Amino acid sequence: MAATFDVNAVRQHFPALSQKTVYFENAGGSQILKEVVDTISDYLLGNNVQLGASYAKSKESTKLFDDGCKAVAKYVNASQDEVVIGPSTTQLFRNLSLALYDYITPDSEIIVSKLDHEANIACWVQLAKYRGCTLKWWSSDNKTNPQLDCNDLRSLMTEKTRLVTCTHVSNVLGTINDIKAIAKTVHEVPGALLCVDAVAFAPHRAVDVKDLEVDLASLGRT
Ligand SMILES: Cc1ncc(COP(=O)(O)O)c(C=O)c1O
């Protein structure tokens, strides 16, 4: 017997859907579950204290925060110390670009996809400028169905490539890129890292970062 899917029961978990007009073009790629909104609200109202301190409330808050990281890690098959929760993808990628400051040297080459959201472009352009290294643009000649192509990427890569950045799903085109194949291509060069913007993918499909062999990624609001 075919499994039944109770759409109305699922809709109850998304209060935004009970509005007269619902806009689906929000940043982050999804409407938010009531349980998530409630948990964040409870945390901000009852636990908004310094993490890592010795008093009881801080211990309780630290545990809640750690539990959040654990849940995200399980959700995407990462380990907990690989998870960072932050205010936005734009901010997290900016932080990441600064964290990679020493990894990128003036001799390095960074390859940035042109089919990306600005969040996964501006910080890398800035990093290349800060380090005085080479920045290359990865684009597509296909005007009707632009897609990131591994052969195009390979033609841009050299032994100096240290970072490749691209999107999993284009928020403008809806194109789903083959991240596993892209990761394999990037890793043909020892030391080259792949940074993926999965903001428009993660709310809609399962993510397994180990299987995808992605080094760095943002999952947006999942
Ligand atoms: C694909 C994609 N990446 C990144 C972002 C930026 O996300 P944030 O607003 O969290 O910086 C958006 C926002 O719409 C997006 O659609």
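How many bridges join β1 to strand β3 (residues 161-167)? There are 4 of them, and the two strands run parallel. Helices and strands here are DSSP runs numbered from the N terminus (H or I over at least four residues for a helix, E over at least two for a strand), and two strands pair if DSSP finds at least two bridges between them. This is a predicted model, with local features needing pLDDT of at least 70 and side-chain atom pairs counting only at pLDDT 80 or more, while totals for chains, interfaces and linings use all residues. Residues are numbered from 1 along each chain as its sequence is written, and side-chain values use heavy atoms, leaving out hydrogens and water.

The sheet makes a handy starting point. It is open and built from 5 strands in the order β2-β1-β3-β4-β5, with parallel pairing. The edges belong to β2 and β5, each of which has a single partner strand, so one side of each goes without a neighbour in the sheet. From one strand to the next, the twist averages 15°. On one side of β1, Val112 has Thr165 in β3 as its bridge partner. β1 also pairs with β2, again in the parallel sense, over 5 bridges; here Ile110 is matched with Leu135 of β2. To get from β1 to β2 the chain passes through α5, and this β-α-β crossover is right-handed (with the strands pointing away from the viewer, the path from the first strand over the helix to the second runs clockwise).

Now for the helices around the sheet. α7 lies across β2, β3 and β4, at about 155° to β4 (axes are lines fitted to C-alpha atoms, for helices over the stretch in contact, and angles run from 0 to 180 degrees between N-to-C directions). In helix α4 (residues 89-99), the buried residues are Thr89, Phe93, Leu96 and Ser97; buried means under 20% relative accessible area, exposed over 50%, and partly exposed in between, using a 1.4 Å probe and protein chains only. Viewed down the axis of α4, these buried residues fall within an arc of 100°, so they line one face of the helix (the arc is that of the directions from the helix axis to the C-beta atoms). They pack against α5 (122-131), β4 (193-197) and β5 (216-218), where contact means heavy atoms within 4.5 Å.

Charged side chains come next. A salt bridge is a side-chain nitrogen of Lys or Arg within 4 Å of a carboxyl oxygen of Asp or Glu, and by this rule the count comes to 9. One of them joins Lys136 and Glu109 at 3.0 Å, N to O. That pair links distant parts of the chain, with Lys136 in strand β2 (residues 134-138) and Glu109 in strand β1 (residues 109-113), 27 residues apart. Both Lys136 and Glu109 are buried.

Another salt bridge brings Asp211 and Lys180 together at 2.8 Å, N to O. Asp211 sits in helix α8 (residues 209-212) and Lys180 in helix α7 (residues 179-186), so this pair ties together parts 31 residues apart in sequence. Asp211 is partly exposed, at 40% relative accessible area, and Lys180 is partly exposed at 30%. Elsewhere, salt bridges that share partners join Lys63, Asp67 and Lys70 into one network. Within it, Asp67 and Lys70 meet at 3.9 Å, N to O. These two are 3 residues apart in helix α3 (residues 56-76), which means that about one helical turn separates them. Asp67 is partly exposed at 29% relative accessibility, as is Lys70 at 47%.
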